[in-house]
Amino acid sequence: MTAATTVKTDYEAIIGLETHCQLATKTKIFSDSSTEFGADPNTNIDPICMGLPGVLPVLNEKVLEYAVKAGLALNCQIAKYSKFDRKQYFYPDLPKNYQISQFDLPIAEHGHIEIELVDKDGNATRKRIGVTRLHMEEDAGKLVHAGSDRLSGSSYSLVDYNRAGVPLVEIVSEPDLRSGQEAAEYAQELRRIVRYLGVSDGNMQEGSLRCDVNISVRPVGQKEFGTKVEIKNMNSFSAIQKAIEYEIERQIEAVESGEPIIQETRLWEEGSQRTISMRVKEGSSDYRYFPEPDLAPIEVSEEQLKRWESELPDLPAKKRHDYETELGLSAYDARVLTEERATAEYFEAAVNKGANSKSAANWIMGDIAGYLNKQKLNISEIKLTPSNLAEVVKLIDKGEISNAKAKEKLPDLLEGKAPKDIFAGEKLITDPAVLEPLIDEAIAGNPKEVEKYRSGKTNVKGFFVGQVLKKTGKRADPKLTNQLVDKKLKALVE
């Protein structure tokens, strides 16, 4: 059995995600220790996050702001009154032996987001996924297992408490997902949203975004859910999809063979591309929740709610819709351009300066994206301004310069040079009287290519067009040159 196995159609999967998202505050949720990633072990700690006697937590107001903004972006109802609770469990990475979280009165509930699945032809299918709740909590520390990536097989373990007390929101979806592809897209959309908001960097490699999957299978038509299994340890969207696809098949095979499925937590093993059992899943009663006595209840005022709501940007789903309906872009183009907020804003600025939307999109997704990937830069770091890109696009559309010439001069554009300076004297040659002698010269100087054309290899026409473009330093009007070459070559065989 492999993760790529085709899922049987007489069963359906019921999938929900629990996503932990680290908030981008400079200090921790209840203390002023730094949340900086990559610091030396056990240097970003303090008496509060370590749970030393006699200390009291104080809620970081920026955490509340970010949590409320995330809840609003997920179309949730924001609680006027909520509270913190103690979640009791004993593990070496939890210095207080309890975690401050939210249980029965979370900050946000009853939301939804829309996911969009785009096929290879660029067609989009949309689906609404419910969001059960969003609540605030503190992170635990991190165990480092020597000689292995998990406790089993390690010779000893070390603990780094730098993450203890780092602020998180946990976002719990409704069990509305039905495939690994849908779940991976849901996780990606969450990441886009929190990054657009600026409340998290959503970096899975650094643990800023962590997804646990709850999954069960049932025969199609059955109302009751099957036994739920949780999967952890997925550090990429691809791993989420592959782990779910594997687990669906594993559970179907178990059901058909009469093997009982137990409620447990399993780990995704990237190397072997399979899930393995970790532990029997705890129920909420095992955590013995009770209200956190050292923190007052939270009350969000109308003034706070209105202010934070007014600060929300347009989110990816709205931008995708606007790009398709108002600018006429394909679902694929809209998706690529809205993946990062900085890219979307750059594109919109170019369009607002008069650039044709499709032409601007092609430049951003093509040559500019290639440069950014090669140089490992963000689009906000390049010197080619949206205004200058718009000017280049307009020069091409007006027929004053060729697309090839613009691409040739891209390095100068990326250095911040103005198009009017770069393309001075580079205007397209559109006079047939200038181009025809050059075409005649190219035909006369390449008799072998002419014979190929005579023998029926008409695609050799591109060779002669290329010769003329070369002679003119790519200033020949490509469309006119193509027409003139075609006319002259046809005359040779008539």
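This is a short talk on one cavity, two helices and two single residues in a protein structure.

Okay, hi everyone. Before anything else, keep in mind that this is a predicted model.

Let's start with empty space. How many cavities of 30 Å³ or more does the structure hold? Just one. The largest cavity has a volume of about 50 Å³. Its lining includes Cys49, a run from Asp93 to Lys96 made up of Asp93, Leu94, Pro95 and Lys96, and also Tyr98. Glu138, Asp139, Ala140 and Gly141 line that cavity too, along with Ala164 and Gly165. If you sort the lining by class, you get six nonpolar residues, four charged ones and two polar ones.

Now over to helix H7, which covers residues 341-352. With its 12 residues, H7 reaches 16 Å from its first C-alpha to its last, close to the 16 Å expected at 1.5 Å a residue. Which residues of H7 are buried? They are Thr343, Ala344, Tyr346, Phe347, Ala350 and Val351. These buried residues cover an arc of only 160° around the axis, so they sit on the same side of H7. And what do they pack against? Five helices: H2 (180-197), H5 (316-325), H6 (331-337), H8 (357-375) and H9 (386-397). After H7 comes glycine 354, with a positive phi near 105°.

H2 was on that list, so let's look at it. H2 has 18 residues, which should span 26 Å at 1.5 Å a residue, and its end C-alpha atoms are indeed 26 Å apart. Is H2 enclosed or open? Well, 15 of its 18 residues are buried, so H2 is largely enclosed by the rest of the structure. Just after H2 there's a glycine as well, glycine 198, and its phi is positive, about 80°.

Last bit: two single residues. Threonine 481 is in helix H16, residues 478-493. Buried or exposed? Threonine 481 has a relative accessible area of 0%, and buried means under 20%, so it counts as buried. Leaving out residues up to four places away in sequence, threonine 481 touches Leu435, Ile439, Val465, Val468 and Ala476.

Then there's glutamate 381, in the loop between H8 and H9. Its relative accessibility is 49%, so glutamate 381 counts as partly exposed; exposed would need over 50%. Glutamate 381 is 227 residues from serine 154 in sequence, and the two are 43 Å apart in space, C-alpha to C-alpha.

That's it from me, thanks!

Key: Residues numbered from 1 in each chain as written. Predicted model: local features only at pLDDT ≥ 70, side-chain atom pairs only at ≥ 80, totals over all residues. Heavy atoms only, no water. 1 Å grid on protein atoms, 1.4 Å probe; cavity = no way out; pocket = protein on both sides within 12 Å on 5 of 7 lines; lining within 4 Å. Points joined across faces, edges and corners; volume = space filled by probe spheres on them. Nonpolar A, V, L, I, M, F, W, Y, C, P; charged D, E, K, R; others polar. Helix = DSSP H or I, 4+ residues; strand = E, 2+ residues; numbered from the N terminus. Expected span 1.5 Å × (residues − 1). Buried < 20%, exposed > 50% of the residue type's maximum accessible area, 1.4 Å probe, protein only. Arc of directions from axis to C-beta. Contact = heavy atoms within 4.5 Å.
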